[in-house]
Amino acid sequence: MKATEVLTNAHRLFRRLFAEHRGSAPEKKREIFRTLKRQLEIHARIEEELFYPAVVRLRSGEARAIVRHGLEEHQELEGLLAEI
């Protein structure tokens, strides 16, 4: 499986978990959150260690901007997860 397929599948999983979380009882929400948090951490690590370095190697300003934006989102996500 290609790295892009792994990342795309993860995005589908996140959408499903967020939708499931909205309609769940409190205990189920905690379980979903733990799963979501763990999967988001794995996803971010894959992007940061594998995907982003490959994108940066494209040596374009647009590629660098995309990676910079992604890293900013990861920092924001880490803060939100810590808050929750």
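In the predicted model, a total of 6 salt bridges is found. Side chains of opposite charge can pair when their charged atoms come close. One of these pairs joins Arg-16 to Glu-20, with 3.2 Å between the closest N and O atoms; both residues belong to helix H1, where a spacing of 4 residues places them about one turn of the helix apart. Neither end of this pair falls in the buried class, since Arg-16 has a relative accessible area of 48% and is partly exposed, and Glu-20, at 28% relative accessibility, is likewise counted as partly exposed.

Helix H2 contributes further pairs within its own length. The side chains of Glu-31 and Lys-28 form a salt bridge with an N to O distance of 3.4 Å, and, because these residues are 3 positions apart in H2, about one helical turn separates them. Glu-31 is partly exposed at 40% relative accessibility, and Lys-28 is partly exposed with a relative accessible area of 33%. A salt bridge is also formed between Glu-41 and Lys-37, whose closest N and O atoms lie 2.7 Å apart; these two residues, 4 residues apart in helix H2, are again separated by about one helical turn. Here Glu-41 has a relative accessibility of 40% and counts as partly exposed, while Lys-37, at 27%, is also assigned to the partly exposed class. The pairs described for Arg-16 with Glu-20 and for Glu-31 with Lys-28 are not isolated from one another, as Arg-16, Glu-20, Lys-28 and Glu-31 are linked in a network of salt bridges.

The packing of the two helices was examined next. Helix H1, spanning residues 3-22, packs against helix H2, spanning residues 26-56, at an angle of about 160°, and their axes are 10 Å apart. An angle over 145 degrees counts as roughly antiparallel, and H1 and H2 are therefore roughly antiparallel to each other. The crossing that the two helices make is left-handed.

On the H1 side, the residues in contact with H2 include Thr-4, Val-6, Leu-7, Ala-10, Leu-13, Phe-14, Leu-17 and Phe-18, together with Glu-20, His-21 and Arg-22. On the H2 side, the residues meeting H1 include Lys-28, Lys-29, Ile-32, Phe-33, Leu-36, Leu-40, His-43, Ile-46, Glu-47 and Phe-51. By residue class, the contact of H1 with H2 is made up of 13 nonpolar, 6 polar and 5 charged residues. Glu-20 and Lys-28, both listed in this contact, are also members of the salt-bridge network.

Technical notes: Residues numbered from 1 in each chain as written. Predicted model: local features only at pLDDT ≥ 70, side-chain atom pairs only at ≥ 80, totals over all residues. Heavy atoms only, no water. Axes fitted to C-alpha atoms, helices over the stretch in contact; angles between N-to-C directions. Parallel < 35°, antiparallel > 145°, perpendicular 65-115°, else oblique. Left-handed = near helix turned anticlockwise from the far one by under 90°. Contact = heavy atoms within 4.5 Å. Nonpolar A, V, L, I, M, F, W, Y, C, P; charged D, E, K, R; others polar. Salt bridge = Lys/Arg side-chain N within 4 Å of Asp/Glu carboxyl O. Buried < 20%, exposed > 50% of the residue type's maximum accessible area, 1.4 Å probe, protein only.
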